[in-house]
Amino acid sequence: MKIHHLGYLVKKHDKALKEFEKLGFEVTQDTVFDEYRGIDITFLAKEGYVIEIVSPKEKDSVVSELFKKIGNSPYHICYETDDIEKSAAELSQNGYVMWEEPHEAVAMGGKRVCFLVHPFMGMIELVEAGE
Ligand code: NI
């Protein structure tokens with residue numbers, strides 16, 4: 001599976017964005033509010049490295065509990081797959097546990113994403129390939 005982006009969890013979205021820009025990252029997709037997950041998302045890139053900044057916008061967002069544990073931190077690598085169900089099933093056989101079932105992501109052009117966790121790996125994300 002091809003790497004799509006690295007997800008980076010932060011509390012202060014705009015302040016974090018400015019810091020990434022100071023390091024040479026450029027915004028490739030302006031901030032989008034994902035209502036389903038209660039989060040703000042911005043995509044940036046530098047030298048081919050794509051980073052997704054994610055911050056909780058609601059108390060019960062999908063990352064609110066995670067943020068309490070890990071704070072500002074990179075927390076997942078997202079991989080592209082032609083068949084999200086098949087890839088998720090294969091990962092499940094390899095010890096990964098579904099953390100968030102496949103569901104459309106407004107910040108990813110409406111493509112479905114899902115999240116899985118592995119006891120030795122932490123979290124990974126899958127996104128459907130395509131435009
Ligand atoms: Ni992501």
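Analyst: Contact here means heavy atoms within 4.5 Å of each other. By that rule K57 touches F33, G38, I39 and D40, residues up to four places away in sequence being left out. The model is a predicted one, in which local features need pLDDT of at least 70, side-chain atom pairs count only at pLDDT 80 or more, and totals for chains, interfaces and linings use all residues. Residues are numbered from 1 along each chain as its sequence is written, and side-chain values use heavy atoms, with hydrogens and water left out.

User: Why does K57 count as exposed or buried?

Analyst: A residue is buried under 20% relative accessible area, exposed over 50%, and partly exposed in between, with a 1.4 Å probe and protein chains only. K57 has a relative accessible area of 51%, so K57 is called exposed. K57 sits in the loop between β4 and α2 (64–70); such elements are DSSP runs numbered from the N terminus, helices being H or I over at least four residues and strands E over at least two.

User: What makes H5, E52, H76 and E125 donors of the nickel ion?

Analyst: Donors are N, O and S atoms within 2.8 Å of the metal (3.2 Å for Na, K and Ca), and sites may look incomplete since water is not among the atoms. The donor atoms are NE2 of H5, OE of E52, NE2 of H76 and OE of E125, at 2.0 to 2.1 Å from the nickel ion. These distances fall within the limit for nickel, and the four residues therefore qualify. Along the chain, their spacing is H-x46-E-x23-H-x48-E. One pair links distant parts of the chain: E52 belongs to strand β4 (residues 49–56) and H76 to strand β5 (residues 73–81), 24 residues apart. Both E52 and H76 are buried.

User: Why is the arrangement of the four donor atoms called what it is?

Analyst: Four donors are tetrahedral if all angles lie between 85 and 135 degrees; four are square planar and six octahedral if opposite donors are over 155 degrees apart and all others between 65 and 115; anything else is irregular. Around the nickel ion the angles run from 88 to 176 degrees, and the arrangement is therefore irregular. The upper value of 176 degrees rules out the tetrahedral class, because it exceeds 135.

User: Why is V10 given its burial class?

Analyst: The relative accessible area of V10 is 4%, so V10 is classed as buried. V10 is in the loop between β1 (2–9) and α1 (13–22). Apart from neighbours within four places in sequence, its contacts are A16, I53, V54, S55, P56, F67 and N72.

User: What places S55 and N72, two contacts of V10, in their accessibility classes?

Analyst: S55, in strand β4, has 1% relative accessibility and therefore counts as buried. N72 has a relative accessible area of 54% and is therefore exposed; N72 belongs to the loop between α2 and β5. Beyond four places in sequence, S55 touches V10, K11, H13, G38, I39 and D40. With the same exclusion, N72 is in contact with L9, V10, K11 and F67.

User: What is noted about the backbone of E47, and why does E47 have its accessibility class?

Analyst: E47 is not a glycine, yet has a positive phi of about 50 degrees. E47 lies in the loop between β3 and β4 and reaches 66% relative accessibility, so it counts as exposed. F120, in the loop between β7 and β8, has 75% and is therefore exposed too.

User: What makes an empty space in this structure a cavity, and how many are there?

Analyst: On a 1 Å grid over the protein atoms alone, a cavity is a set of points where a 1.4 Å probe fits but cannot get out, and lining residues have an atom within 4 Å of a point. Points are joined across faces, edges and corners, and the volume is the space filled by probe spheres set on them. One cavity of 30 Å³ or more is present, and the largest cavity has a volume of about 130 Å³. Of its 20 lining residues, R37, I39, E52, F115 and E125 are closest to the centre. β3 contributes the most to this lining, with three residues.

User: Which classes make up the lining of the largest cavity?

Analyst: Ala, Val, Leu, Ile, Met, Phe, Trp, Tyr, Cys and Pro count as nonpolar, Asp, Glu, Lys and Arg as charged, and the others, Gly among them, as polar. The lining has 14 nonpolar, one polar and five charged residues.

Terms used: On a 1 Å grid over the protein atoms alone, a cavity is a set of points where a 1.4 Å probe fits but cannot get out, and a pocket is an open set with protein on both sides within 12 Å along at least five of seven lines; lining residues have an atom within 4 Å of a point.
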